[in-house]
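Please look over the chain below before reading on, and keep the view at hand while the text moves from one part of the fold to the next.

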Amino acid sequence: MSRNKINRLFIANRGEIAARITRSAKELGVITVITYTANDCNSLHVQLADKAVSLGNKSLSETYLSPEKMVEVAKNEQCDAVHPGYGFLSENDRFAELCQQNGLLFIGPSTQTIRKMGDKKEAKKLAQQCGVPVLENLVLSKESNINGSSIPEFPLLIKAVAGGGGKGMYIVENHRELGLKIEQANREALTYFGNGQLYIEKYIKNARHIEIQLLGDNFGNLIHLFDRECSLQRRHQKIIEEAPASSISEELRIKLIQAALKIGKAVNYSGVGTIEFLVDVDEKLLFPRNEHPYPGGAWCN
């Protein structure tokens, strides 16, 4: 992000988050532009924005998940900046890079940060370099790579390398289920993220999902906004976030905060984001994944 004044903002998202960003932008005197598909035409974000551009009746891959299409609309509408919201293209390094190449301010982390943190394999490597415990995993390319000696002990959790929001994620209880679950996860990962690569890690039963929110500027300053309990989930998606996490000890809270700050500083994080951890029944913290669902969260009132 830069300090240049934003006059016209393109919101590359839909629904609730697009409406929230629009309200915040209007309070700051910024003109907002959004897109919509045939299914969205009567949505609140369409009504709130200063201008809404129709994308017709096309698929997700041709609309909200297309970096090229989103940048094309932003350029055509003479916008100064792009806010990705969360989900969709918010963690897509190609999108952030295209914005930069076309003179559009991307409200969120840098392309390099997204590239490092958006890929779960690379994020785990980074966490290990920072001395943060991680779950061991096996990256999948083809089912033929799977054999009894190469996989962790059941139950397992399959994850999409480029995934988030619980998409492309399946629990596998035994070897008989493995092939089918890999196919399902691969198909879902391709549909939602355009990347079918998967990995497998040990599934931690009765684990708690604790996250630390970070806030960084463009001058190397990084602070934490404490912890949140996100263990209540449905289909691997958070339903309730409670701050602070009342289920953990103060000692563990300090460890989680320190680990999150180490990771954030290692990638020179800017914007508002979260580092997410699993905590097992013995209060051992593990770095299984990362997300920054609110890149530019100051715009999300």
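In what order do the strands of the open sheet of 5 strands stand, and is their pairing parallel or antiparallel? The order is β3-β2-β1-β4-β5, and the pairing is parallel; two strands are taken to pair if DSSP finds at least two bridges between them, and the elements themselves are DSSP runs numbered from the N terminus, helices being H or I runs of at least four residues and strands E runs of at least two. This is a predicted model, in which local features need pLDDT of at least 70 and side-chain atom pairs count only at pLDDT 80 or more, while totals for chains, interfaces and linings use all residues. Residues are numbered from 1 along each chain as its sequence is written, and side-chain values use heavy atoms, with hydrogens and water left out.

At the edges of this parallel sheet stand β3 (51-54) and β5, each with a single partner strand, so one side of each has no neighbour in the sheet. Strand β2 (residues 31-36) is joined to β3 in the parallel sense over 4 bridges, and Thr35 has Val53 in β3 as its bridge partner. Across β1 (8-11), β2 and β4 lies helix α1 (residues 15-27), which runs at about 170° to β1; such angles run from 0 to 180 degrees between N-to-C directions, the axes being lines fitted to C-alpha atoms, for helices over the stretch in contact.

Helix α4 (residues 93-101) can be read from its start to the turn that follows. Asn92 caps the N-terminal end of α4, with a side-chain oxygen 2.9 Å from the backbone nitrogen of Arg94. Within α4, Phe95, Ala96, Leu98 and Cys99 are buried, where buried means under 20% relative accessible area, exposed over 50% and partly exposed in between, with a 1.4 Å probe and protein chains only. These four residues cover an arc of only 160° around the axis, which puts them on the same side of α4; the arc is that of the directions from the helix axis to the C-beta atoms. An α-helix has 3.6 residues a turn, so residues three or four places apart point the same way. On the other side of α4, Gln100 and Gln101 are exposed. The buried residues of α4 pack against α3 (67-76), β4 (81-83), β5 (105-106) and α5 (111-118), contact meaning heavy atoms within 4.5 Å. Just after the helix, Gly103 takes a positive phi of about 75°.

Cys99 has a relative accessible area of 0%, and Cys79 is also buried, at 9% relative accessibility. The structure holds 0 disulfides, a disulfide being a pair of cysteine sulfur atoms within 2.5 Å.

Further along the chain, Gln128 belongs to helix α6 (residues 120-129) and is partly exposed at 43% relative accessibility. Beyond its neighbours within four places in sequence, Gln128 is in contact with Val134 and Glu136. The C-alpha atoms of Gln128 and Phe287 are separated by 8.9 Å, although these residues are 159 apart along the chain.

A second open sheet has 4 strands in the order β11-β10-β14-β15, and here the pairing is antiparallel. Its edge strands are β11 (222-229) and β15 (285-286), each of which pairs on one side only. Strands β10 (residues 208-216) and β14 (residues 271-279) pair in the antiparallel sense over 9 bridges, and Gln213 stands opposite Thr274 in β14. Helix α8 (residues 250-266) packs on this sheet, touching β10, β11, β14 and β15, and its direction makes about 135° with that of β11.

Several backbone features deserve a separate look. Most residues other than glycine have a negative phi, and most peptide bonds are trans. Asn206, in the loop between β9 (198-202) and β10, has a positive phi near 60° and is exposed at 67% relative accessibility. Phe226, in strand β11, has a positive phi of about 70° and is partly exposed at 49%. The peptide bond from Phe154 to Pro155 is cis, with omega near -5°, and Pro155 lies in the loop between β6 (137-140) and β7 (156-160). The bond from Ala243 to Pro244 is cis as well, with omega near -5°, and Pro244 is found in the loop between β13 (237-238) and α8.

Taken as a whole, the protein has 8 helices and 15 strands, and 49% of its 301 residues count as buried.

Conventions: A polar contact is a pair of N or O atoms within 3.5 Å; within protein, one must be able to donate a hydrogen and the other to accept it, and residues adjacent in sequence count only if both atoms are side-chain atoms.
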